[in-house]
Amino acid sequence: MRNLSLRRAGEKLAPYVLLAPFLFTLIIFFGYAFVRVVYFSFTNYDLFQQPQWVGLKNYVDIFRDMDFARAMKNSLTFMAVVTTAQTLFALLLALFLNQKVRGMKFFRAAYYMPSVASSVVVTLIFIWFFQRRGVLNFLISKFNEYRNVIVLFLFAAAVLQLLQVGWEKMRKRPVTLMEPAFLFLSLLVSFMLMFAGVRLGFIPTRDVAPADIIWFNTIKTWPSFLGPLSFSVPLGAIMMFNIWTTSPTFMLLYLAGLQDIPRELYEAAAMDGAERWHVFRYIIVPQLKPITFLVVTMGLIGTLQMFDQVAILGAQAPRQSIITLAYYIYTNIFPSSSSPRVGMASAAAIFLALLTFVIVAAQRKVLGSEGDGGHV
Amino acid sequence: MKRIGLVLVMMLLAVSAASAQQVRIGGHGGTDTVILEEMIELFIRPALEGTGITVQYEPIADDFQRYIVNALSAGTAPDLFYLDSFWAGSVMRSGTVEPLNAYLEKSTVLRGEDIVRSLLDAFTIDGQIYGIPKDFNTLAVFYNKDLFDYAGVEYPSNDDNWDTFYEKLAAVAAIDPDIYGLALPPEYARFGALAHAAGFTPFDENGATDLFDPAFVDAFRWYTEMGLEGVGVMPADISQGWGGGALASEQVAAALEGAWILGSLRDEAPNMQYGATLLPKHPQTGQRGNIIYTVAWGMNANSPHKDAAFRVLELLTSEEVQQWILERGLAIPSRVALADNPYFTQDNVEAQSNYTVFLGASDGNVLPFSFGVYGGDWMQPIDQALSAVLSKQVGWEEALREAQTRLDAVMQR
Amino acid sequence: MAGMYRLRARRWTNVAAIYGFLLLLSIVFMGPFVFAFLSSLKDNPTEWPPSLLVNQLKPSNWAAAFNLAKQGGGNGFTGGFGPHGEIYFEATYWTAQGQEPAPPEVVVARRVQGGAALALRVEHYAADYTEVRDVHQVDQEPHEGGLLTTYGFTLVNTSDLHFDTVPMDLTVPMRQQFVSGTLTPNRIERLGRAQSWDNVSSGLFPYVLANYARVFRENYSVSTGKKLFGLWIRNSFFLAATRVLTTLIFASMAGYVLARLKFWGKGAIFGLLLFSMMVPQQVTFISNYLVLRDGIFGLSRLFGVPTLLNTYGGLIISGLVGASSVFIMKQFFERLPASLEESARIDGASTYTVFFRIMLPLAKPPLGALTILTFQGVWNEFFWPLVVITSPQDKYPLTLGLLTLQRTYGAASFDWGPILAGTFISALPVLILFVVFQQYFVEGISFSGNKE
């Protein structure tokens, strides 16, 4: 009898026992931490003196702080540009890679490479890549040098393409303007023409000074027509390689989604004689909606937390050009040569958390209201 | 058998050490570890024989300031630790660093007057001394003799003022578009020495900073115009991280650096023929300027045995220890008595460079590298202004206006 | 007939077009890695213009590096300058008409790569025991309005010692141009007057992988004398293994409970879990940092540890199990049919038995994905270790180690060789893992993506 009641008590406790380790981390390192940061944000704690209640002073202070304003602007720009670009890029890549040709496995793996390596590895390689006398500027110099040739190349390819398509049309065969088979031939022939032209000296290359773009150590902003909305060049560089590293991950998600789209849908569309664009617009996009929702959510949360790249870049770029909210919090806790400002850091942290909620909720509203795209 | 015996002895020692007074010393990692351990072995342990005091060095590899702030706030800090004038401001005001005045008064071997005044000032707040400087550095002109020879120009010398110095550098820069006269890091940590020469001080009597002070503007424009004219160059623009790297790359003829450059020249440009001379004088004031970088020993206010710690501090800053460090070419002593030193008359370029750096501390308008409670935040707007002007992004007036706004924001916080 | 042929040709060109585009994209995604890898072999990865011609990959230099070490009495592959070894070296210079060619001044330099810290450990320098013998003119011929003169000389080890590195510098008068040498010099200094070699007896492998060797050799802890880079790799492996272990166990336990058991507080816990996945790490680190600093409310003092900062204990305890791992496991267990459990329950099996005997064995696929994801996550983790571990450097995981490399080599002198080399070494394990367990990576992503 006693044994039984003990057993029953054991059964009652079992969920908690199995949950215990997770509960421990969740409560101490998240629940308690969150509450404590909320508390700190109303105090003037500096690690040395006991925290004293200062009300909303920290919140007022961060909004007066120029660094915070810059961090906020940088974070929001970064979020908007990177999330949009990586989502589109991932979708395009996935559409393209969703084919059955031999060796596709290899290419998928190859494209996924940047996502596997750590942010430190990738950032270091990119700092090297973006040096003032680095590979990227070299490629840009080369591009400038051969600009005439490239324009001529595209022009020649277009002419060749039109000739071929025109010829086929004349013979009343059904071809589209961008017929891939012809395009391939046009580009190939055009390339060979250019190669021979440059080699034999018929086509002059331009003699230009090497590109001298300062990617990191600059406070310049770009693009200039956006005025105050433009972002700093170093941030732009970070955006570029961030898109490069994260798109492949999301591409994989889209690929999985594409493979889940029932075949019948495509077949029905083909029966109706739907054009490619229509298939994309009315079948693929709606079917992928749950994935898009996920990709955008993960993108928003991830980009708002951006820290590693800024920390690794460190003093190589002016602080104001690259500082993000996450980095702002960090530098207030570990400031260079003055006392920690835990209160201000906490206020900024709470602000970052709220911002994340609001933005995620907003995108839920926007993406969710458009038809019944999945039930997320 | 022998080994077991050794282990036993060590265990016994460990037990007795626990009962005795152990003074923990916290400092930088890297080469400092080797130096400190050798120093403790040679000087400190023998002197403490029989006192029951033992010494333990705890090297901190990275980000020492962050470590010490945490350790002091958590109560785990060592008894003695490095205090860098650059960040000491806020730490000394936190109440966790012991004022040393009472100890110095009692001491027979270490008194305030023994230490170079300007160094001690960097660790004094309202008459309270919080740290005993252990060594220091200042800036000097380090130049590449080959480049001056090639251009057929005289080497920079102690008689140069800004104008003659500029002419020499311009002549070297004319050799080749890829060769420049002076490395111009966009940092107050270098440029500041020139501002001081012109008569600028970071804080006026009200504690405010005016970047439109004519002295500051004068130095700012001289420095940045040198870059705009192609006579000088920012190290980053020639793929170098600092003046020393730029000098070692042989793309600049001169750099304003401290004695820390010697080690890296040894590594990176072992074949370079170089020399060192004092910074040029300002043509109007006729003064030189300089910045003093100094590190002191501070004491933990919560240390369980402060008297023992002070005893160790006396030994760490003793004349014989400082002489030993100097002779190894590692650092320049903070004791007044060591100024006339046979080491300085040695005929090799490193000793001569060290001597130049030593002289820099007492020639002209010399201020410590320390900006009160603001620390590095104070320099940042100025650094950014220098960088913006040197990379031709804005004019000097606009840059200074922006810097002043940012600086005011920092100082209000 | 012709139509068939056309159709086939068209299909082929179509496929070719697809492959062409795939290759182009490969350049975009792999190109920077490949270029960076080749540059990691160079003496100066930031040279301008950047080129893919790497001295270290020239067969002539391979042969020279092999032969020089062999002559010096060392192993041709691993190098060295053995007792009484002799190395014969040649260098060719060009002088303009009117300038008298002069033989180079040969110096075996007393220098150590990697800074003062390393120099403190060197007992014997090759410079002190090597004699330069018989500098003589080998050949002279007119060339492009001047003279090409070749000089030869021999380095002799006069001692019974074995040296790993023999750094050498040649110096000639101003305007005498260096053309070529037995081995391509590592750098040219003093406006072309000085040609400098890091090690003329390096042997084949140390020559080609010089930067890789530097990463291991030059980074060592002065206090313990241990080589750091190897330690960092080991630390990262250790941390990753521990985290994988705790995550697998605790995440499946928690996931199972949340998915299949009813108990008081379940809703609240799950809510908190979802909430925690939304809140950025930078929000909670402020408190977590202080919690570790004080040893989890002083609990760690019971074990004689005053603070959990700078300890692996701190890193491990704070990262026992992540919310997203629990989430993945919960998703998995929810999808299993209820009948599995019910029959065992009827037989009177306890919750523990059901979990460990029945449910856990079924969870192999998500656990596989979780292993890979967790390993990759820890291996690449940067922010939290940066906060928790500051010193000693012996305790760094690899990501912090890389940051140290960047600060040591990059901040001071833009010496990118070792930085890039270290980068590639650190990326290697994850790349291997990826190639071998490719499908798990994909699965892992779709697992974490399967929100209901």
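**Exercise 1. A salt bridge in chain B**

Find which residue forms a salt bridge with Arg335(B) in this predicted model, and work out which parts of chain B the pair ties together.

*Solution.* Start with the partner: Arg335(B) pairs with Asp114(B), and their closest N and O atoms are 3.7 Å apart. That falls inside the cut-off, which asks for a side-chain nitrogen within 4 Å of a carboxyl oxygen.

Next, place each residue. Arg335(B) sits in the loop between β13 (332-333) and α15 (349-360) of chain B, while Asp114(B) sits in the loop between α5 (101-106) and α6 (117-121), so the salt bridge ties together parts that are 221 residues apart in sequence.

Finally, set the pair in context: over all chains, the whole structure holds 32 salt bridges.

**Exercise 2. The build of chain B**

Describe the secondary structure and overall dimensions of chain B, and decide how its radius of gyration stands against the globule rule.

*Solution.* Begin by counting elements: chain B has 17 helices and 14 strands. Now turn to the radius of gyration, which is 23 Å; the globule rule gives 22 Å for 413 residues, so chain B is as compact as a globular protein of that length. For the outer dimensions, take the principal axes: the C-alpha atoms fill a box of roughly 70 × 50 × 35 Å.

**Exercise 3. Two domains in one chain**

Chain B is divided into domain 1 and domain 2. Characterise the interface of these two domains, from its contacts to its buried area.

*Solution.* First, the bounds: domain 1 of chain B covers 2-137 + 293-345, and domain 2 covers 140-291 + 372-412. Their C-alpha centres are separated by 33 Å.

Second, the contacts. On the domain 1 side 6 residues take part, and on the domain 2 side 11 residues. The two domains bury about 710 Å² between them, with 62% of it on carbon and sulfur atoms. Within domain 1 of chain B, Phe86(B), Asn137(B) and Tyr293(B) lose the most area to domain 2, together making up 73% of what that side buries.

Third, the polar side of the picture. The rule finds 0 salt bridges across this interface, but 3 residue pairs are in polar contact. By class, the domain 1 side has 3 nonpolar, 2 polar and 1 charged residues.

**Exercise 4. Where chain C meets chain A**

Use contacts, buried area and charged pairs to describe the interface of chain C and chain A.

*Solution.* Count the contacts to begin: 102 residues of chain C touch 100 residues of chain A. The buried area is about 9200 Å², and carbon and sulfur atoms give 78% of it. Phe29(C), Trp48(C) and Met278(C) supply 9% of the area that chain C buries against chain A, more than any other three residues.

Then look for charged pairs. There is 1 salt bridge between the two chains: the side chains of Arg345(C) and Glu11(A) meet at 3.2 Å, N to O. The interface also has 13 residue pairs in polar contact.

To finish, ask what makes up the chain C side. Helix α1 (residues 2-39) of chain C gives the most to this side, with 21 residues. By class, the side of chain C that touches chain A divides into 70 nonpolar, 25 polar and 7 charged residues.

Conventions:
Residues numbered from 1 in each chain as written. Chains lettered and ligands numbered in written order. Predicted model: local features only at pLDDT ≥ 70, side-chain atom pairs only at ≥ 80, totals over all residues. Heavy atoms only, no water. Contact = heavy atoms within 4.5 Å. Buried area = accessible area lost by both parts, 1.4 Å probe. Polar contact = N/O pair within 3.5 Å; in protein donor to acceptor, adjacent residues only side chain to side chain. Helix = DSSP H or I, 4+ residues; strand = E, 2+ residues; numbered from the N terminus. Nonpolar A, V, L, I, M, F, W, Y, C, P; charged D, E, K, R; others polar. Rg over C-alpha atoms; globule rule 2.2 N^0.38 Å. Domains from an automatic or database assignment.
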